Amino acid sequence: MDCGCGPKILICVECGQEFVFTVNAQEYFAERGYTEDPKRCKHCYMIHKRDKRPNSTSMEAEKVNLDAIYPE
Ligand SMILES: [Zn+2]
């Protein structure tokens with residue numbers, strides 16, 4: 001038992017599948033001031049992002065961030 005902040009298993013609100021919210025991802029979120037857990041798995045998150053931002057100019061940066069949040 002350290003600080004109790006290990007990886008969390010979350011349920012995707014879109015597809016209902018379990019996905020892992022890793023310690024790295026939690027730190028990544030904390031650095032950006034996000035206080036809520038992610039609601040979507042990687043797959044649904046990418047679809048959501050794409051729907052929100054049709055232009056793909058920022059996809060490279062997003063991809064790096066996605067790898068930090070959702071390591072395979
Ligand atoms: Zn999903």
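pLDDT is the predictor's confidence in each residue, on a scale from 0 to 100. In this protein it averages 81, and 74% of the residues score at least 70. The model is a predicted one, so to speak of local features a pLDDT of at least 70 is needed, side-chain atom pairs count only at pLDDT 80 or more, and totals for chains, interfaces and linings use all residues. Numbering starts from 1 along each chain, as its sequence is written.

On to the overall layout. The protein has three helices and two strands, and from the N terminus on these elements run β-β-α-α-α. Helices (H or I, at least four residues) and strands (E, at least two) are DSSP runs, numbered from the N terminus. Confidence varies among them: β1 has the highest mean pLDDT, 95, while helix α3 (residues 59-69) has the lowest, 65. Where pLDDT is low, the predicted coordinates should not be read in detail. Buried residues make up just 8% of the 72 residues; a residue is buried if 20 or more other C-beta atoms, placed from the backbone, lie within 10 Å of its own, exposed if 12 or fewer, and partly exposed in between. As for contacts (two residues whose C-beta atoms, placed from the backbone, lie within 7 Å), residues 24 or more positions apart account for 50% of those with a separation of 6 or more.

The two strands come next. β1 (residues 8-11) and β2 (residues 18-21) pair in the antiparallel sense over four bridges, where pairing asks that DSSP find at least two bridges between the strands. Across the pair, Ile9 sits opposite Val20, and Ile11 faces Glu18. Six residues lie between the strands of this hairpin, and Gly16 takes a positive phi near 75°.

Two prolines round out the picture. Pro7 is found in the segment before β1 and counts as exposed because it has 12 C-beta neighbours inside 10 Å. Leaving aside residues up to four places away in sequence, Pro7 touches Val20, Phe21, Thr22 and Val23. The C-alpha atoms of Pro7 and Phe21 are 5.5 Å apart, although 14 residues separate the two along the chain. Pro71, in turn, lies in the segment after α3. Pro71 also counts as exposed, because 11 C-beta neighbours fall inside 10 Å. Between the C-alpha atoms of Pro71 and Asn24, 47 residues apart along the chain, the separation is 9.2 Å.
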